[in-house]
Amino acid sequence: MNDFPLVDQEPAPQWYGRLRAQADDLSPADWLTPHGPGPAALGTVAGVAAPGFAAYARLLHPARLGDRPVRWSTVAAAHGTAVTPVSRWHEVIGSDQEYTGRSDGLPGVWDEHPDEGPTPPPVARALLPVLARHTPAPERCWFGLWHGYGRWNWDRFPTFGTPGRDEVLLAGRLADVVSPVALDEFAELPDLWWPQDRAWVVGGDVDLMSTYVGGTPELIADLLAAADLEAHPVAADSIVG
């Protein structure tokens, strides 16, 4: 028996960057819980984001070459593969799921795999102005953070359930979603984001290399046209990756 904790956690802060952890009222997240309207299947786009939106997009977390982001399409071209809306990273690099024989990248093209987990800060920053154009309530947003990330102990805060995860509820401005990196440069951003009017939802997960957005067709069209994002249209029941 191991008498030592696997992770040395600090007590979670009331303020996660400039986002405030909610200690009592979780009702803003009721619509996302498995008992809310339209429960979604685990492992699908709607299960990671939320069901019921008219359109969805998948945002690919970039690979890197040194400090430079590299699109999946660039990697695919170099490996002689292709990127589809549901491609998985190991398929793009022509490997199995364990990256056998491909772990060191391709010289001159990429040398770091895409970030696995919630939305990386550079992707979040590119996403913010697009989302802000599609809600009248960017100053009043809600966020879900998986309580299982190992950096802080969130046990003193209540959680709400989504398919496969329990989330701490945070509140703040849309513009402050990246602010947790002020606590620690490696702090995870929230997995879920949505405005008070529920015009859209952003969903990510600790095990994914993509972020998913549900919203209006106009929002999804803006995301697909955004120069700083690599986005693909997907369906609510598409398998995530």
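**Close-up views of a predicted model**

**Figure 1. A hairpin links strand 9 and strand 10.** In this predicted model, two residues sit between the strands of the hairpin, and G164 takes a positive phi near 85° there. Strand 9 (residues 159–162) runs antiparallel to strand 10, and four bridges join them. If you would like a pair to look for, T159 has V168 as its bridge partner in strand 10.

**Figure 2. Strand 10 is largely enclosed by the rest of the structure.** Seven of the eight residues of this strand are buried, so the surroundings cover most of it. Besides strand 9, strand 7 (residues 141–146) pairs with strand 10 in the antiparallel sense, over six bridges. Here W146 is partnered with E167 of strand 10. Strand 3 (residues 19–21) is also antiparallel to strand 10, joined to it by two bridges. In that pairing, R20 finds its bridge partner in A171.

**Figure 3. Strand 4 is covered on both faces.** In a regular strand, side chains alternate between the two faces of the sheet. So what does each side of strand 4 hold? One side carries A55, A57 and L59, the other Y56, R58 and L60, and all of these are buried. With six of its six residues buried, strand 4 (residues 55–60) is largely enclosed by the rest of the structure. Note that R58 is on the list of buried residues; its bridge partner in strand 14 is H232.

**Figure 4. Strand 4 pairs with strand 13 and with strand 14.** Strand 13 (residues 210–215) is antiparallel to strand 4 and is joined to it by six bridges. A good place to start is A57, whose bridge partner in strand 13 is V213. Strand 14 (residues 231–234) also pairs with strand 4 in the antiparallel sense, over four bridges.

**Figure 5. Helix 4 packs against helix 5.** The axes of helix 4 (residues 121–132) and helix 5 (residues 217–225) are 10 Å apart, at an angle of about 150°. The crossing is right-handed. Helix 4 makes the contact through L127, V130 and L131, while helix 5 brings L219, D222 and L223. By class, five of the contact residues are nonpolar, none is polar and one is charged.

**Figure 6. G203 is a buried residue of strand 12.** Strand 12 spans residues 201–203, and G203 has 0% relative accessibility, which means that it counts as buried. Which residues does G203 touch, not counting those up to four places away in sequence? They are V48, A49, D191, L192, T211 and Y212. For a sense of scale, the C-alpha atoms of G203 and L169 are separated by 14 Å, with their positions 34 residues apart along the chain.

**Figure 7. Two loop residues, R198 and V181, are partly exposed.** R198 is in the loop between strand 11 (192–195) and strand 12. Most residues other than glycine have a negative phi. R198, although not a glycine, has a positive phi of about 55°. Its relative accessibility is 41%. V181, in the loop between strand 10 (165–172) and strand 11, has a relative accessibility of 23%. Leaving aside neighbours within four places in sequence, V181 is in contact with P121, R125, A187 and L189.

**Figure 8. Confidence varies along the chain.** The average pLDDT is 91, and 92% of the residues score at least 70. Over residues 1–6, pLDDT stays under 50, and the model has zero contacts there beyond four places in sequence.

Terms used. Residues numbered from 1 in each chain as written. Predicted model: local features only at pLDDT ≥ 70, side-chain atom pairs only at ≥ 80, totals over all residues. Heavy atoms only, no water. Buried < 20%, exposed > 50% of the residue type's maximum accessible area, 1.4 Å probe, protein only. Pairing = 2+ DSSP bridges. pLDDT = per-residue confidence, 0-100. Contact = heavy atoms within 4.5 Å. Axes fitted to C-alpha atoms, helices over the stretch in contact; angles between N-to-C directions. Left-handed = near helix turned anticlockwise from the far one by under 90°. Nonpolar A, V, L, I, M, F, W, Y, C, P; charged D, E, K, R; others polar.
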